[in-house]
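I opened this model to look up its overall dimensions, its strand pairing and its charged contacts, and I kept notes in that order.

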Amino acid sequence: MSCCLYAAYFQVNPTRIQEVISCLKELHGLKYVHKLSDDNICASSCNDTVPISWQFFLPVGNIMVTINDFSPDKNGKPVKNPYKWRELFNKTMQLLMPFGLTSSKYVPGLTLGHAVDRLWPTATGLVIEYDFDSVLIDERSLYQDIKIFKSMQYGAVLILDGDINMAESDLPYTLAITGNQKTPMADKSVLILGGGDGGILHYLLNLKKPPKYVEMLELDARVIELCSKHMRSCCGDSLDKFDGERHKIIVGDCVPLLKAYADQGRTFDVVVNDLTAIPVSPELDLHADTWSFLKLILDLSLSVLVPGGRYFTQGNSLGAVKELEAYEGILCSLEPPVMFSKETVTVPSYQEQWVFYQVWRDS
């Protein structure tokens, strides 16, 4: 069974907590008041059969309230009723005013246990509730967990291994990772690493002045297959044929392919790395496998660029400060040296600012 979780916070004069509890007993019918420790008291109440939990932190005068509303609609889905609980919050706030109320905060409802998981973390650990209303795909391929959810705001949303990857609304991502129309693509040869959703490939092939040739290296054929069916406004018909007049899709590991291209002396004017974002973790470890892979792809990509060619890649959230600085440190340490620029763009389905890089060596 799913529910909507609401929360509220109040801070009052710590010396008057016991008086507050007495008043709340009268207003909200507090029951089962229990002293957990010398500093912590908990209690419960009920409003129209909806359970409410109260927790009082005596030393600082903090009061935390959580409401678990299981009220369903006629289809059994949870119904958000923020106005009802906002009214309760306002009444409680008025009650607490005489007791030295210094701060208060009401948190709108979060849907828990919904048939479609709506709560997803951002790169920097914030939690966002999406408006997902149906599951288009939920399966595991040979390489990763693949989900495609339907959203009223963002269209079909691709989620790989728990990360929001691409939505049909995310043209700003595609534009940014290809230079935001500031780098001419006409008559260029372009190599895409990853990009199984087809957004980058479709965008490049449909430019007014398109590249002369685009090659895409994607490890997971299942991503291509599912996106070509469920994310048509993102990829169009560009994934329907693996070998077209001006493009080729190769299913396989890009690392040995890049090494082979470098050995053969094969080069491209542009490389677009859409494999993975800069890794974010509690402790920055540049020797971790994820960072080693990032550096390997960077080195191999530069090795197949023509002199003066461009390497495009995503960074991560603007809030991932130490990780972005570490990546830029890697760029600054490369030999022969490279130059780079960066741009910050709001990606709709990410709901945060995202940093993109362009890297090149002087010709």
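**Overall dimensions.** I looked up the radius of gyration and found 26 Å for the chain, where a compact globule of 363 residues would have one near 21 Å; the radius is taken over C-alpha atoms, and the globule rule is 2.2 Å times the number of residues to the power 0.38. Along the principal axes, the C-alpha atoms fill a box of roughly 80 × 50 × 35 Å. I note that this is a predicted model, in which local features need pLDDT of at least 70 and side-chain atom pairs count only at pLDDT 80 or more, while totals for chains, interfaces and linings use all residues. Residues are numbered from 1 along each chain as its sequence is written, and side-chain values use heavy atoms, with hydrogens and water left out.

**Composition.** The chain has nine helices and 19 strands, by which I mean DSSP runs numbered from the N terminus (helices are H or I with at least four residues, strands are E with at least two). Of the 363 residues, 47% are buried; buried means under 20% relative accessible area, exposed means over 50%, and partly exposed lies in between, with a 1.4 Å probe and protein chains only.

**Strand E14 and its neighbours.** Which strands pair with E14? On one account, E13 (residues 189–194) runs parallel to E14 and is joined to it by five bridges; on another, E14 runs parallel to E15 (residues 247–251), again with five bridges. I count two strands as paired if DSSP finds at least two bridges between them. Met216 lets me follow both pairings, since it is recorded here as the bridge partner of Ile192 and also has Ile249 in E15 as a bridge partner. E14 itself spans residues 213–218, and five of its six residues are buried. I also looked at the connection from E13, and found that E13, helix H4 (residues 199–205) and E14 make a right-handed β-α-β unit; right-handed here says that, with the strands pointing away from the viewer, the path from the first strand over the helix to the second runs clockwise.

**Just after E14.** Leu219 sits in the loop between E14 and helix H5 (221–230), and it counts as partly exposed because its relative accessibility is 36%. Together with Leu142 and Tyr143, Leu219 forms a nonpolar surface patch with about 350 Å² of accessible area. Such patches are made of residues with over 30% relative accessible area and no salt bridge, with nonpolar side chains (Val, Leu, Ile, Met, Phe, Trp, Tyr) joined within 5 Å and like charges within 9 Å; the areas come from the Shrake-Rupley method with a 1.4 Å probe, and for residues only the protein chains shown count as cover.

**Strand E1.** I then turned to E1 (residues 3–11), which pairs with E6 (residues 103–112) in the antiparallel sense over eight bridges. E1 is also joined by eight bridges to E5 (residues 62–69), and these two run antiparallel. Tyr9 has Lys105 as its bridge partner in E6 and Met64 as its bridge partner in E5.

**Salt bridges.** How many salt bridges does a search of the whole structure find? The search gives 14, each being a side-chain nitrogen of Lys or Arg within 4 Å of a carboxyl oxygen of Asp or Glu. The side chains of Asp161 and Arg140 meet in one of them at 3.8 Å, N to O. Asp161 lies in the loop between strand E11 (155–160) and strand E12 (163–167) and Arg140 in strand E9 (residues 132–140), so this pair ties together parts 21 residues apart in sequence. Arg140 counts as exposed at 55% relative accessibility, whereas Asp161 is partly exposed at 47%.

Glu323 and Lys322 form a salt bridge at 3.0 Å, N to O; Glu323 is buried, with a relative accessible area of 2%, while Lys322 is partly exposed at 36%. Arg16 and Glu19 form another at 3.1 Å, N to O, with Arg16 partly exposed at 25% and Glu19 partly exposed at 37%. I also noted a network of salt bridges that links Asp138, Asp145 and Lys147.

**A last contact.** Asp274 belongs to strand E16 (residues 268–274) and is buried, with a relative accessible area of 10%. Its C-alpha atom is separated by 5.5 Å from that of Gly195, 79 residues apart along the chain.
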